[in-house]
Each structure stands twice: as C-alpha cells, then as structure tokens.
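Hi,

Here is the structure I promised to pass on to you. Have a look at it first, and then read my notes below.

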Amino acid sequence: MSQISPAHIETLSNRGYVVIPNFLSRELVEELRNDILGLRYNGAFREAKIGQDSTNELNKDIRIAETCFLGRNRPELIKIYGDDSVRDRPNGLYDTLDSLCENLTDLCWKESSTLLDKSLTELLYAYYPSGGFYRRHRDAIPNSASVLRKYSLLIYLNRDGWDGKKEAGQLRIHLDGGGDELPPGVKPKFVDVDALGGTLVLFKSDKIPHEVLDTNSERFALVGWYNRAVTASDIGNLGDGGTGDIVRVGMLAVALALVTVGVANIMG
C-alpha cells in the first residue's frame with residue numbers, strides 16, 4: 001500500500017505543502033480514471049459548485065468542473081458498481097487514504113492538539129473538461145463547517161504522457177501570504193504542480209490558497225480533506241460569525257454528541 005515518509009510529513013509541517021510523485025501506481029491510476037468514466041456515464045457526476053454551507057452555489061466565472069462525492073457505503077455508488085469496486089476492495093482507494101490519514105494523525109496533534117477523525121473525511125472525484133478551471137480559493141473558511149478541515153489532498157489521475165506545457169491544468173499553490181486574493185502591493189509568489197498521473201499533493205487547508213489553472217484537455221483527479229474531530233467550541237464559533245448555516249450547526253451538534261461514543265459520520 002502507498003505510504004508517505006517522515007521526510008514528507010516534515011516538509012508538510014514546515015512548508016505547508018508537499019508534492020509526492022508516483023504516490024499511486026500506473027495500474028491503480030488507470031483503474032481509478034476508468035472508475036470516473038464509468039460513474040460519469042451512469043450519471044453520478046454533477047456540476048461543481050462553490051461556497052460553504054447555505055452559500056453553496058453554481059458560479060462558472062469561478063469554477064467549471066464536475067464532481068462526484070465518494071465514501072464507503074454510499075448507496076448511489078453501490079447501486080452502480082456494487083461494493084467491490086476499485087475504491088472498496090482491500091488495499092484499494094479507501095484503504096490507501098485511510099492509511100494516509102493515520103500517517104498524518106501525529107502531525108495534527110502536534111500542530112493543534114486535536115486528532116483527525118477518519119469518519120469525517122471528505123472525498124470526491126473531480127473531472128475538468130477542456131477549458132475547465134477553479135479560481136483562487138481556500139479550503140477552510142472561518143465560521144463555516146469547513147473549519148474542521150486540516151489537510152487537503154489531491155491525487156492526479158491523468159493518463160501517462162500528460163504534457164503540462166501543452167495540456168496545462170496545473171495546480172497553482174499561492175505562497176504570497178494572502179487569502180482568496182493577492183494582498184495589495186504584494187508580488188505574486190507561487191508554485192505550479194503539473195497534473196501528472198499518480199502525483200499526490202498535500203497541503204494545510206487553512207493556510208494555502210490555491211487554484212486549478214485552465215486546462216486544455218480532460219483532467220481527472222481525486223480531491224479530499226482530512227478533518228479534525230468536532231469540539232464544543234466549534235458549535236459556538238459557527239454561530240458567532242452570523243454566517244453559519246443553522247442546519248449545518250445542528251448537524252455538527254449531533255456529531256459532537258456522537259463523537260463521544262465513536263460513531264460520528266456526518267460528512268460522508
């Protein structure tokens with residue numbers, strides 16, 4: 001099973017992001033890309049929206065893509081492929097990502113004195129058509145449920161021979177100290193990561209603004225977020241800003257109660 005090294009974790013901690021080429025084998029990348037094609041054919045994908053909680057909306061000036069939410073035991077996916085897909089099988093996608101989550105648990109505790117909760121992990125397939133993009137944004141926004149996100153992950157699932165110069169679609173990691181926009185008077189500073197199949201990118205969800213540059217070919221990826229456990233203060237913080245979604249607050253309150261007995265699972 002794919003693993004990350006202590007050196008990778010140290011880089012993530014110190015720099016805020018880490019890029020790991022060939023994290024997944026060619027064979028698994030091809031199987032997962034075919035999984036995306038099959039799920040799209042069977043109508044499992046939807047146009048991707050932006051925003052958090054009740055502000056979630058479709059905005060094609062900011063994002064053109066399609067997504068399919070993943071997770072163990074999702075009935076709409078089991079209906080298409082059963083429970084023995086490349087995602088579900090032993091040492092398949094879900095097992096690989098659970099193992100990755102465990103590798104990050106000590107870092108999460110060191111940085112925030114909280115633990116990652118695997119039951120709150122969010123996963124989705126992202127399909128970008130030719131001309132697709134996702135403008136600069138952050139993954140963890142204060143006063144929303146996304147504040148639970150600690151580490152964002154992206155795994156490219158493109159075919160062998162992807163040409164970054166010709167096909168574009170890079171992930172741009174912004175390092176200018178800003179949020180959703182470049183700070184006034186600050187020069188742009190960024191790193192572009194080519195969308196080569198099998199590459200894993202991890203970054204801190206609340207620290208690293210990023211974007212998907214316009215792609216000139218179909219672009220396939222898996223995207224996800226490892227979330228920390230819900231705490232009592234999260235419920236209050238969501239209400240303090242006046243922008244939290246009341247339904248989401250209720251869901252988090254239920255999750256908080258369930259976490260005490262180890263069965264919270266509201267994000268899947």
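**Helix 2 and its surroundings**

The buried residues of helix 2 pack against strand 4 (66-70), helix 3 (75-81), helix 4 (93-112), strand 5 (122-128), strand 7 (149-156) and strand 12 (219-227). Please keep in mind that this is a predicted model.

Which residues of helix 2 are buried? They are L28, V29, L32, R33, D35, I36, G38 and L39. An α-helix has 3.6 residues a turn, so residues three or four places apart point the same way. Helix 2 itself covers residues 26-41, 16 residues in total, and spans 23 Å between its first and last C-alpha, close to the 22 Å expected at 1.5 Å a residue. After helix 2 comes G43, with a positive phi near 80°.

**The chain as a whole**

The protein chain has seven helices and 12 strands. Its length is 268 residues, and 49% of them count as buried. Contacts across the sequence are well represented: taking those between residues at least 6 apart, 75% join residues at least 24 apart. The accessible surface of the chain is about 12900 Å², with 50% of that belonging to carbon and sulfur atoms.

**Nonpolar cores**

The largest nonpolar core holds 39 residues, and Y125, L157 and L222 are the ones that touch the most other members. Helix 4 gives the most to this core, namely eight residues. What is L157 in contact with, leaving aside neighbours within four places in sequence? The list is L24, V29, L32, R33, I36, Y125, F220, A221 and L222. Of these contacts, V29, L32, R33 and I36 are also among the buried residues of helix 2, so you may like to display them together with L157.There is also a second, separate core of 11 residues, which includes I173, V193, A195 and F203.

**Salt bridges**

Side chains of opposite charge can pair when their charged atoms come close. How many salt bridges does the model have? The count comes to 17, and a few of them are worth a look on screen.

- R149 and E122 form a salt bridge, at 2.9 Å from N to O. This pair links distant parts of the chain, with R149 in strand 7 and E122 in strand 5, 27 residues apart. Both R149 and E122 are buried; for R149 the relative accessible area is 11%. The C-alpha of R149 also lies 6.0 Å from that of S205, although the two residues are 56 apart along the chain.
- R138 and D180 form another salt bridge, with 3.0 Å between the closest N and O atoms. Here two loops are linked: R138 sits between strand 6 (133-137) and strand 7, D180 between strand 8 (171-174) and strand 9 (190-193), and the residues are 42 apart. R138 is partly exposed at 26% relative accessibility, and D180 is partly exposed at 35%.
- D192 and R172 meet in a salt bridge at 2.8 Å, N to O. D192 is in strand 9 and R172 in strand 8, so this salt bridge ties together parts that are 20 residues apart in sequence. At 33% relative accessibility, D192 counts as partly exposed.

Finally, D35, R87 and D88 are joined into one network by salt bridges that share partners. D35 is one of the buried residues of helix 2.

**Cysteines**

A disulfide is a covalent bond between the sulfur atoms of two cysteines. The count of disulfides in this model is zero. For C101, the nearest cysteine sulfur is that of C108, 8.6 Å away. A disulfide would need the two sulfur atoms within 2.5 Å. C101 is buried, at 2% relative accessibility, and C68 is buried with a relative accessible area of 2%.

**Two backbone angles to check**

Most residues other than glycine have a negative phi. N91 is not a glycine, yet its phi is positive, about 65°. N91 lies in the loop between helix 3 and helix 4 and counts as exposed, at 52% relative accessibility. S113, also not a glycine, has a positive phi of about 55°; its place is in the loop between helix 4 and strand 5.

Best wishes

Note on methods: Residues numbered from 1 in each chain as written. Predicted model: local features only at pLDDT ≥ 70, side-chain atom pairs only at ≥ 80, totals over all residues. Heavy atoms only, no water. Helix = DSSP H or I, 4+ residues; strand = E, 2+ residues; numbered from the N terminus. Expected span 1.5 Å × (residues − 1). Buried < 20%, exposed > 50% of the residue type's maximum accessible area, 1.4 Å probe, protein only. Contact = heavy atoms within 4.5 Å. Salt bridge = Lys/Arg side-chain N within 4 Å of Asp/Glu carboxyl O. Core = buried A, V, L, I, M, F, W, Y, C linked by side-chain atoms within 4.5 Å. Areas by Shrake-Rupley, 256 points an atom, 1.4 Å probe, with all protein chains shown as cover.
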